[in-house]
Amino acid sequence: MARLLIVGGFLAAVFWVFSIVDCAVQPATRHRGVPKGVWIAIVIVVPVIGGILWFTIGRRRADDQDARPYAPDDDPAFLRSIDKKEQDARIAELEAELARLEDEGDAPDARP
């Protein structure tokens, strides 16, 4: 029985250290719920349960959908939905507007 407690304690300590290191090295964008520092504190203060919470609730998986909204020109689904003709027409329109704005900016001031 004593061996089982020693082995269990050793495995709990290894899991605790692994949880702390994993929580600390993950970028802040991979933490769910609360900020990174709070997760580290939870894992340190509540050793085994904190680690279990970190791996089940707090750590964002690579396949999780990102909650940030994309700008239309950064969203791959939106870019795939636009055909080439629409893209070319939009580019031509933006270039014409840019040229118009540049011409307005070059006009001399009417000050005496």
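Is D22 buried or exposed? In this predicted model, D22 is buried, because its relative accessibility is 9%, below the 20% cut-off. The residue lies in helix α1. Its side chain meets that of R59 in a salt bridge, with an N to O distance of 3.2 Å. R59 sits in the loop between α3 and α4, so the pair ties together parts that are 37 residues apart in sequence. R59 counts as partly exposed, at 22% relative accessibility. The bridge thus joins a buried acidic side chain to a partly exposed basic one.

The confidence of the prediction varies along the chain. The average pLDDT is 82. A score of at least 70 is reached by 81% of the residues. Confidence is highest in helix α1, at a mean of 92. It is lowest in helix α4 (residues 76-81), where the mean is 73. Where pLDDT is low, the predicted coordinates should not be read in detail.

Aromatic contacts also connect α1 with α3. Three aromatic pairs are found in a search of the whole structure. F15 and F55 form a tilted pair, with ring centres 5.9 Å apart and 40° between the planes. F15 belongs to helix α1 (residues 2-25) and F55 to helix α3. The two residues are 40 residues apart, and the pair links distant parts of the chain. F55 counts as buried, because its relative accessibility of 18% is under 20%. F15 counts as partly exposed, at 27%. F15 and F55 share one aromatic cluster with F18.

The count of salt bridges comes to three. Besides the D22 and R59 bridge, there is one between R90 and E93. The closest N and O atoms of R90 and E93 are 3.2 Å apart. Both residues lie in helix α5 (residues 84-105). They are three residues apart, so about one helical turn separates them. R90 is partly exposed, with a relative accessible area of 44%. E93 is also partly exposed, at 47%.

A further bridge joins E104 to R100, with the closest N and O atoms 2.8 Å apart. This pair lies in α5 as well. E104 and R100 are four residues apart, so the separation is again about one helical turn. Both partners count as partly exposed: E104 has a relative accessible area of 49%, and R100 stands at 43% relative accessibility.

The surface carries a nonpolar patch. I44, V45, V46, I49, L53 and I57 form it. Together these residues have about 520 Å² of accessible area. Helices α2 (36-45) and α3 (47-58) each supply at least two residues of the patch. The largest share, three residues, comes from α3. V45 lies in helix α2. V45 is exposed, because its relative accessible area of 66% is over the 50% cut-off.

An annotation covers part of the chain. An unreviewed UniProt entry places the feature "transmembrane region" at residues 39-58. In the model, this segment is 95% helix and 0% strand. The C-alpha atoms at its two ends are 7 Å apart.

Notes:
Residues are numbered from 1 along each chain as its sequence is written. This is a predicted model: local features need pLDDT of at least 70, side-chain atom pairs count only at pLDDT 80 or more; totals for chains, interfaces and linings use all residues. Side-chain values use heavy atoms; hydrogens and water are left out. Patches are made of residues with over 30% relative accessible area and no salt bridge: like charges are joined within 9 Å, nonpolar side chains (Val, Leu, Ile, Met, Phe, Trp, Tyr) within 5 Å. Accessible areas come from the Shrake-Rupley method with a 1.4 Å probe; for residues, only the protein chains shown count as cover. A salt bridge is a side-chain nitrogen of Lys or Arg within 4 Å of a carboxyl oxygen of Asp or Glu. Buried means under 20% relative accessible area, exposed over 50%, partly exposed in between (1.4 Å probe, protein chains only). UniProt positions are given in the numbering used here, feature names are shortened, and annotations may be inferred rather than shown by experiment. Rings of Phe, Tyr and Trp (its six-membered ring) pair if their centres lie within 6.5 Å; planes under 30 degrees apart count as stacked, over 60 as edge-to-face and the rest as tilted. pLDDT is the predictor's confidence in each residue, from 0 to 100.
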